[in-house]
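Biologist: Please take one part of this model and go through it closely. I would like the strands in the core of the first domain, with their surroundings.

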Amino acid sequence: MSISKNITVLGSGIMGHGIAQVSAMAGYNVILRDIDLILLNKALDKIKWSLSKLAEKNKITQIESETIFKRITPEINLEKSLAGTDFIVEAVPEDLEIKRKLYAEVDRFADEEAIYASNTSTLPITEMAALTKRPDKFIGLHFFNPPQLMRLVEVIPGRETRPETTKSVLDFVKQLGKESVLCKKDVVGFIVNRIFIPLVHEAAYFLDRDGVTMTQLDSAVKYKMGYPMGIFELADYTGLDVIYKATLEMYARDKKVINPHPRIKQLVDCRYFGKKTGRGFYEYSSNSYERINLTSEEAEKYNPIGLVATAANNAAWLISNNVCTKADLDKALNLGMGLKTDLFETVKQFGVKNVLTKLNEMSAKYGPRYEPNPHIGTYEDK
Ligand SMILES: NC(=O)c1ccc[n+]([C@@H]2O[C@H](COP(=O)([O-])OP(=O)(O)OC[C@H]3O[C@@H](n4cnc5c(N)ncnc54)[C@H](O)[C@@H]3O)[C@@H](O)[C@H]2O)c1
């Protein structure tokens, strides 16, 4: 079934209010539900502000801004929020217990045919689907922060999800004017986080192992690996609290996927969450446009082949396990992490043989998690 014009977004926080806004901008009537009226009003204020900025920049007219805003109805009562809706996007906190309770209630009131889509970053889709009476109509729909700006959405069917559900949801993403990538298997971290989150920890290990400075390593990431910024800078920008939470969930599900470095926990314990708190790996002034001074000269002082190798190895695992296509991988890393160069092009630049040698060395020294995935060997040096 296709998704009609009436949808419900559960949770009006960082992600929920953004998803409500982009859905309303695409013409959907949205009921935005939260349990807290104060938060709900704050969410509406943020949406109004964001729409007025778009109008100021002539991206939409003032009248359009008002029409879009009117498409969003705030609601506290769950039953009312689900009446007449055939698509429910859940964006409540990343806590399986909260989600479990919510889905039990939602099952009581939702239309029989309604599709449930969870915006979870790390929780298992199949397990969440099993909490509901309709695992065939349950799917992961992972927007990136902020949904108003980020074009990428990962779509993750669970084991029981019907192909029709996946199709409807892919169509919905298209209607929003966003780019979907299909994560064909419900694996830990899906596509982007499976590469990004472990890489932050690996980068911290390389600081210890290679005696390099943070700005040298970050400059090398930016100037030699095609990243939009350094990896520590990107982590600060994302939020170390968000990264730490994702780390715990990913590690709990699969110890092989991630090797948590204690530095991230230490920073989070000190409430150094990154740019938003003025301190993370780096320190920041209050200027929201501030960027870390990374230079091509500094980049020359470090060879980031170990980082290229670990990112490529995780990407190779996704492809060789048929989790996503190579095209979707490239799209996800480009739109989700801002990579300017395809990951395996970077591997070729560093030399496929060199990357494999590095992985074998790391595997011998630090354990089997670094054993090279055979997919890397299918590429040829330039
Ligand atoms: N923040 C990010 O960068 C990010 C990115 C991608 C995905 N996600 C995922 O999106 C989801 C939401 O994250 P967030 O950062 O927006 O959280 P948030 O804490 O900012 O917002 C959650 C909102 O849900 C509300 N809520 C709690 N219980 C509810 C219920 N039963 N019904 C309706 N609303 C309820 C809370 O009052 C709060 O306003 C999580 O699963 C998270 O993993 C977050």
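Modeller: What follows starts with the whole chain, then moves to the strands, two single residues, the ligand and the domain contact.

The model is a predicted one. The protein chain holds 17 helices and 8 strands. Along its principal axes, the C-alpha trace spans about 60 × 45 × 40 Å. A compact globule of 382 residues would have a radius of gyration near 21 Å, and the protein chain agrees, with 21 Å. Of the 382 residues, 46% are buried. Take the contacts with a separation of 6 or more: 71% of them link residues 24 or more positions apart.

The domain assignment splits the chain in two. Domain 1 covers 6-182 and domain 2 covers 192-378. The strands you ask about lie in domain 1, so we can follow their pairing step by step. Start with β4, residues 87-90. Strand β4 runs parallel to β5, and 4 bridges join them. Within this pairing, E90 stands opposite S118 of β5.

Strand β5 covers residues 115-118. Its side chains alternate. I115 and A117 point one way. Y116 and S118 point the other way. All four of these residues are buried.

On to the next pairing. β5 and β6 run parallel, joined by 3 bridges. S118 appears again here: its bridge partner in β6 is G140. S118 thus has E90 opposite it in one pairing and G140 as its partner in the other.

Strand β6 spans residues 138-143. Of its 6 residues, 6 are buried, so the strand is largely enclosed by the rest of the structure. F138, G140 and H142 point one way. I139, L141 and F143 point the other way. G140, the partner of S118, is on the side with F138 and H142.

With β7 the sense changes to antiparallel. β6 and β7 pair in that sense over 5 bridges. One position to look at is F143, which stands opposite V153 in β7. F143 points the way of I139 and L141.

Now for two single residues. D34 sits in the loop between β2 (29-33) and α2. The count around D34 is 24 other C-beta atoms within 10 Å, so D34 is buried. Leave out residues up to four places away in sequence, and D34 touches G11, S12, L39, L40 and A43. V92 is 58 residues from D34 along the chain, yet their C-alpha atoms are separated by 8.5 Å.

S50 is in helix α2, residues 37-56. With 20 other C-beta atoms within 10 Å, S50 is buried; the cut-off for that class is 20 or more. Setting aside neighbours within four places in sequence, S50 is in contact with Q21 and Q148. G18 lies 32 residues from S50 in sequence, and the two C-alpha atoms are 9.4 Å apart.

Next, the ligand. The shell around the ligand has 25 residues. The closest are G11, G13, M15, E94 and N145. G11 is also one of the residues that D34 touches. Two helices, α1 (14-25) and α5 (96-109), each supply at least two residues of this shell. The largest share, 3 residues, comes from α1. By class, the shell has 13 nonpolar, 8 polar and 4 charged residues.

Last, the contact with the other domain. The centres of domain 1 and domain 2, taken over C-alpha atoms, are 29 Å apart. On the domain 1 side, 12 residues are in contact with 13 residues of domain 2. Strands β7 (152-157) and β8 (179-182) each supply at least two residues of the domain 1 side. β8 gives the most, with 3 residues. The domain 1 side has 6 nonpolar, 2 polar and 4 charged residues.

This brings the strands together. β4 pairs with β5 in the parallel sense. β5 pairs with β6, also parallel. β6 pairs with β7 in the antiparallel sense. And β7 is one of the strands that supply residues to the side of domain 1 that touches domain 2.

Technical notes:
Residues numbered from 1 in each chain as written. Predicted model: local features only at pLDDT ≥ 70, side-chain atom pairs only at ≥ 80, totals over all residues. Rg over C-alpha atoms; globule rule 2.2 N^0.38 Å. Buried ≥ 20, exposed ≤ 12 C-beta atoms within 10 Å, placed from the backbone. Contact = placed C-beta atoms within 7 Å. Near = placed C-beta within 6 Å. Nonpolar A, V, L, I, M, F, W, Y, C, P; charged D, E, K, R; others polar. Domains from an automatic or database assignment. Pairing = 2+ DSSP bridges.
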